[in-house]
Amino acid sequence: MIYGSTGATHFDQLAKILTGYEITGARSSGLFMGILFIAVGFLFKITAVPFRAAPRRKPPSPSDSISFLTQYMWAPDIYEGSPTPVTAFLSIAPKISISANISRLSIYGSYGAILQQIFFFCSIASMILGALAAMAQTKVKRPLAHSSIGHVGYICTGFSCGTIEGIQSLLIGIFIYALMTIDAFAIVLALRQTRVKYIADLGALAKTNPILAITFSITMFSYAGIPPLAGFCSKFYLFFAALGCGAYFLAPVGVVTSVIGRWAAGRLPRVSQFGGPKACTGHVAYRISCDTDGNACYER
């Protein structure tokens, strides 16, 4: 649609068309729809709300521990079902590449006020849902998936600014997010031999491997944005850029969701350091004993 409206595919040619000429009529609608489709595709790939949803073949049962907010997310299911190296790759590589492409589009030519509003909405929705949905999780990988969705909201904050300061803060946030994610999934991969699946399984980590427990705690505190860790610096730059461009509603929402996300992100290091209730996996253990006549008795 962009080529049909402009006759160009190169970034420099599109920049001249977008900034130097006035496009009206059907060509303007085609150009806008083409850019809109590109933006929606990018937002879907980085799991931004509401483009991170996909219908399930089988509806969840009423006894499912996942809340209504997380019933139709494909990202947590992929994070949980994929091998840990694949999960780490999917959580980092698409966000870096797509953010670079959107940044390149914004540098060569403005993508318009309407697309900035789309990024604005996706930023707020991703931050809120990522923080709230992570509170209801019981498995290790799923809070990391929802934290990734929340960080997509912080990334969209830089895009919604539409300024050089927003792009600069975005690059800083992407770099710090990649380091934190690599560290977190490296620890999860190191725990693979101990078959850690639920958050409650981290209860003995501080006793069995205290260095790994401390490293995991620092990483999750950085995810939560606790100063003076790197995660706090990335959020500070992004919120400062939002205030600088006049998006005064984004910064308070980001601060509130960061506070909410601290409970979910802090639950993993809290359990790893101080322990917690055992996870219920749905299996019932029976003890076999024999009476005086040699009959087997099953005790629950």
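Select Phe236 and Phe240 in helix 11, which spans residues 230-244. The two are four residues apart, so about one helical turn separates them. The model on screen is a predicted one. Show the side chains: Phe236 and Phe240 form a stacked aromatic pair, with 6.1 Å from centre to centre and 20° between the planes. Colour by accessibility next. Phe236 has 46% relative accessibility and therefore counts as partly exposed. Phe240, at 57% relative accessibility, counts as exposed. Now add Phe232 and Tyr237 to the selection; ring pairs link Phe232, Phe236, Tyr237 and Phe240 into a cluster.

Stay with the aromatic rings. The whole structure holds six aromatic pairs. For another of them, select Phe119 and Phe159: the ring centres are 5.3 Å apart and the planes stand at 40°, so this pair is tilted. Phe119 belongs to helix 6 (residues 113-133) and Phe159 to helix 7, so the pair ties together parts that are 40 residues apart in sequence. Are Phe119 and Phe159 buried or exposed? Both are buried.

From Phe159, widen the selection to helix 7, residues 141-161, and add helix 8. The two helices pack at an angle of about 170°, and their axes are 8 Å apart. Helix 7 and helix 8 are therefore roughly antiparallel to each other, the term used for angles over 145 degrees.

Which residues meet where these two helices touch? On the helix 7 side, select Lys141, Leu144, Ser148, His151, Ile155, Gly158, Phe159 and Cys161. On the helix 8 side, select Gly166, Ile167, Leu170, Ile174, Tyr177, Met180, Ala184, Phe185 and Val188. Coloured by residue type, this contact divides into twelve nonpolar residues, four polar and one charged.

Keep Ile167 from that list and hide the others. Ile167 sits in helix 8, which covers residues 164-190. With 8% relative accessibility, Ile167 counts as buried, because the limit is under 20%. Then pick Thr157, ten residues away from Ile167 along the chain, and draw a line between the C-alpha atoms: the separation is 9.5 Å.

Next, go to Thr257 in helix 12, residues 250-274. Thr257 counts as buried because its relative accessibility is 5%. Show the backbone of Val253 as well. A polar atom of the Thr257 side chain lies 2.9 Å from the backbone oxygen of Val253. Which residues does Thr257 contact when its neighbours within four places in sequence are left aside? They are Met127, Ile128, Ala131 and Tyr154. Select these four together with Thr257 to see the contacts.

Finally, zoom out and colour by secondary structure. How many helices and strands does the chain have? There are twelve helices and two strands. Followed from the N terminus, the elements run α-α-α-α-α-α-α-α-α-α-α-α-β-β, with the two strands after the helices. The chain has 300 residues, and 44% of them count as buried. Among contacts between residues at least 6 apart in sequence, 72% join residues at least 24 apart. The pair of Phe119 and Phe159, visited earlier, joins parts 40 residues apart.

Conventions. Residues are numbered from 1 along each chain as its sequence is written. This is a predicted model: local features need pLDDT of at least 70, side-chain atom pairs count only at pLDDT 80 or more; totals for chains, interfaces and linings use all residues. Side-chain values use heavy atoms; hydrogens and water are left out. Buried means under 20% relative accessible area, exposed over 50%, partly exposed in between (1.4 Å probe, protein chains only). A polar contact is a pair of N or O atoms within 3.5 Å; within protein, one must be able to donate a hydrogen and the other to accept it, and residues adjacent in sequence count only if both atoms are side-chain atoms. Contact means heavy atoms within 4.5 Å. Axes are lines fitted to C-alpha atoms, for helices over the stretch in contact, and angles run from 0 to 180 degrees between N-to-C directions. Angles under 35 degrees count as roughly parallel, over 145 as roughly antiparallel, 65 to 115 as roughly perpendicular and the rest as oblique. Ala, Val, Leu, Ile, Met, Phe, Trp, Tyr, Cys and Pro count as nonpolar, Asp, Glu, Lys and Arg as charged, and the others, Gly among them, as polar. Rings of Phe, Tyr and Trp (its six-membered ring) pair if their centres lie within 6.5 Å; planes under 30 degrees apart count as stacked, over 60 as edge-to-face and the rest as tilted.
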